[in-house]
Structures are given as structure tokens and as C-alpha cells.
Amino acid sequence: MASMQRFFMQGSIFRGYLKKIGIVKRCGMQSRMVSSVNRIDDDPYKTRCTTAQVVKRVDPVVWSPIGTSEQTGPLTTHQLAEYNKKGYIILRDVFSKEELQPVIDEVEKSKHDIESNVGEGDDPTITDTNIFATEPETRKLRSIFGVHIHYEAMKKLSRNKKLVFAAKQILDDDVYVHQSRVNFHQALVGTGHNFHIDFEIFHAEDGMFNMRALTAIVLLSRNTEAMGSLMVIPGTQNFFFPTKMETSDDNLAKSSKYHLQYGVPGSDALLEMADKYGIEYCTGEVGDVVLFDVNLLHGNHSNLTPWDRFNYFIVYNGLANKIGQPLYPNAPGLVRPQHMAQRDPMWITAIEPLD
């Protein structure tokens, strides 16, 4: 960590110089109206400004007891310990192909319907009203958001007890779905996502204050390394990597379609983390489930194969951690749409698990 310590020191010296000449802006105060309820001054994870620094995590990774008589839930002591250490676990054969067939059918139908209606020359992306994005300059679907609201089989799966009880056990809280999506990684054209952390985005743009959330990925197809399966850097959930620039006005449209700009560590920090912890692929078969922490560095590369890959992502947030106003918005009062960040009180209630 020597180079990171030098980075911290250099940042302090640079900030002192900027402050001396009067051009430092306080995090979260860049000539914007930010509600006092956002607790900017108390924020341990400051971001979206030039003075933000890499900091160690202050929140637990596993919020519930591990290896004690108080431990309850479907995950074993070993699984909880592994999640706590690495920031993720892979659960094999959680669902059968038959259990997931209604979801797979629903996804394939929606893919066909959407792609059939993308016009020549159209290049749709996520907006306040549009819930899907295609691969750049193609009709090939890349992502659909808000699927637990708009699709019945996916709504039911998001409430499945196998997923909900595991999320509740790790977060030690009732949970609701903060965001859901299906990511498509279609044969030969599916592009990747550069390494990033979700929490920086949820924190800055949605007002998620603590790292009390996780993502469950239900594999709906085979996931191999060549197909661009999820890559993670285990152990990085213990560091918060801020973004050293303000939120751009076109961030919503670009972030769901192109190279990510926010929640992305600097190249030096990424190299140091990869050298120290390594990079691991999350490969698997239909019915496997990946659980990963909201602050874990992850990404993926292009699908180099002639086979499609698609997965269902469900972000579970602790009910005590429900989002507020954005901490670092790109305009006063601006919030991301419901299909990106759930704010409707009707949906922010404790999930009643289903069989």
C-alpha cells in the first residue's frame, strides 16, 4: 500500500496549495443546493469533487453475527466468512432450469419485442422515461432496468425466499429492491463495463448513505470467461474509491451504454488492488447465484464467443438504509428515475419472501 499512502500525502499537499490560492471546493458544495438531511459534513465517503480521497470502509461487510449462536439464515458460517473476506460468494444450483424457465421466457420475449421496434438509425439509451439501452449503434439489447416492477416472473423471483433470506442474513435487516435489471451480453457484440463500484453511484446520485446493500445475480445462461463473465477484485470492498469530478448532465444516458466515468478507481489504484488481491471470474451455469457487496470492484469485458449471455441483477438494500436525496447531484433536486433508483414508498417496504 506504499504507493497509495504516497497518493494520500500528495493529495493533501495539493489540496493545501489549492486552498491557499482559493480554488478548493468542498465536497458536495459545488454551487449546488444540497439538503441538510443529506449529512454531507458527516459523510465518511465523500466524492464527486477534486478533494475526495480513497478511504477505508467504516461500515461492516457482513452486518449479522458470524459463527455465533445468534447466526440465523441459509448461509453457513464458512459462506459468511468468505463473503466478509472477499466481498462475494457464488452459490451453486440455487435454482433449477425449470424454476427459471418462466423468467427466461419473459426475458427472451422482451428482448424480441424491444429489438423488433428499434428503428434504423436509432440508438436508444436510459432516460427518465426509457428503461432500456442497446449496444452502441446497434439494435442489440444491452440492459433493461426496473424489471422487478414491469415483468411478473422477475417480480416473483426478486421475492424468492432463497434470495431474500440470504440478503437479510448478510445485511441483518429487512430488505427491498433498490434497483433491478437484466444485462445482456450478446454474442460477438456485447461490450463490457470497466472496473467500478456500485456504491459510489448509489451514494452520490441516489442518497444511499451506508454500504448496507448487495447485488444478487441470478444466472439465466452459461457464464464463461470468454463470454465476458463478471470479474471481481476480492478484498476491495474494504476501500471506497471516490470520483474526483462533478456529476455531468449527460451521465444517465452515458453510464448505461458507454464507458463508465463514475465509481471508477484511478489506474494506479486499480493496478495496486489487482496486484495485491488478483482478479477472479464469476463463472457458472443456469441457476447459480452470485452475491456481491455493494462496494466491491467489479467489471467485465466483451463477449468474444458466438453464444449469448444474460443475467438478472437484483440490488437488495437494507430497509434502515433506504435512500434519501442525492448527496452529490448534478443539478439541484435532480433524482434518478424510478427504474434506476427505487423511491416509491409502495415499493420501499420489507419484502415478504415467497416460496
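**First stop: a helix across the sheet**

Select residues 161-171. This is helix α6, and it lies across β5 (175-185), β7, β11 and β13 (309-318). Show β13 along with helix α6: the helix runs at about 45 degrees to that strand. Keep in mind that you are looking at a predicted model.

**Second stop: the sheet itself**

Now show the strands under the helix. What is the order of the strands in this open sheet? It reads β2-β11-β7-β13-β5-β4-β3, which makes 7 strands with antiparallel pairing. Go to the edges next. They are β2 (88-91) and β3 (132-134), and each pairs on one side only. Turn the view to look along the sheet. From one strand to the next, the twist averages 15 degrees.

What holds neighbours like these together? In general, strands of a sheet pair through backbone hydrogen bonds, in a parallel or antiparallel way.

Zoom in on one pair. Select β2 together with residues 289-293, which form strand β11. The two run antiparallel and pair over 4 bridges. Click on I90, then look straight across: V290 in β11 stands opposite.

Add residues 77-86 to the view. That is helix α2, which packs on the sheet. Helix α2 touches β2, β7 (213-219) and β11. Its direction makes about 140 degrees with that of β2.

**Third stop: a buried charged pair**

Switch on side chains. The chain has 16 salt bridges. Start with E200 and R48, whose side chains meet at 2.7 Å, N to O. How many residues apart are these two in the chain? The gap is 152 residues: E200 sits in helix α7 (198-206), while R48 is in the loop between α1 (2-20) and β1 (55-56).

Are they buried or exposed? E200 counts as buried because its relative accessibility is 0%, under the 20% cut-off. R48 also has a relative accessible area of 0%, so R48 is buried.

**Fourth stop: a tie to the sheet**

Select R57 and D293. Their side chains form a salt bridge of 2.8 Å, N to O. Why does this pair tie together parts that are 236 residues apart in sequence? Because R57 lies in the loop between β1 and α2, and D293 lies in strand β11. R57 counts as buried because its relative accessibility is 11%. D293 has 1%, so D293 counts as buried too.

**Fifth stop: a network**

Return to helix α7 and pick E205, then add R336. The closest N and O atoms of this salt bridge are 3.9 Å apart. E205 is in helix α7, whereas R336 is in the segment after β13, and 131 residues separate them. Both E205 and R336 are buried.

Which residues join into one network here? Select R48, E200, E205, D206 and R336 together: salt bridges that share partners link them.

**Last stop: the whole chain**

Zoom out. The protein chain holds 9 helices and 13 strands. Of its 355 residues, 54% are buried. Now show the surface. About 15,800 Å² is exposed, and carbon and sulfur atoms supply 54% of that area. Finally, trace how the chain meets itself. Among contacts between residues at least 6 apart in sequence, 82% join residues at least 24 apart. The pair E200 and R48, 152 residues apart, is a good one to leave on screen.

Notes: Residues are numbered from 1 along each chain as its sequence is written. This is a predicted model: local features need pLDDT of at least 70, side-chain atom pairs count only at pLDDT 80 or more; totals for chains, interfaces and linings use all residues. Side-chain values use heavy atoms; hydrogens and water are left out. Two strands pair if DSSP finds at least two bridges between them. Axes are lines fitted to C-alpha atoms, for helices over the stretch in contact, and angles run from 0 to 180 degrees between N-to-C directions. Contact means heavy atoms within 4.5 Å. A salt bridge is a side-chain nitrogen of Lys or Arg within 4 Å of a carboxyl oxygen of Asp or Glu. Buried means under 20% relative accessible area, exposed over 50%, partly exposed in between (1.4 Å probe, protein chains only). Accessible areas come from the Shrake-Rupley method with a 1.4 Å probe; for residues, only the protein chains shown count as cover.
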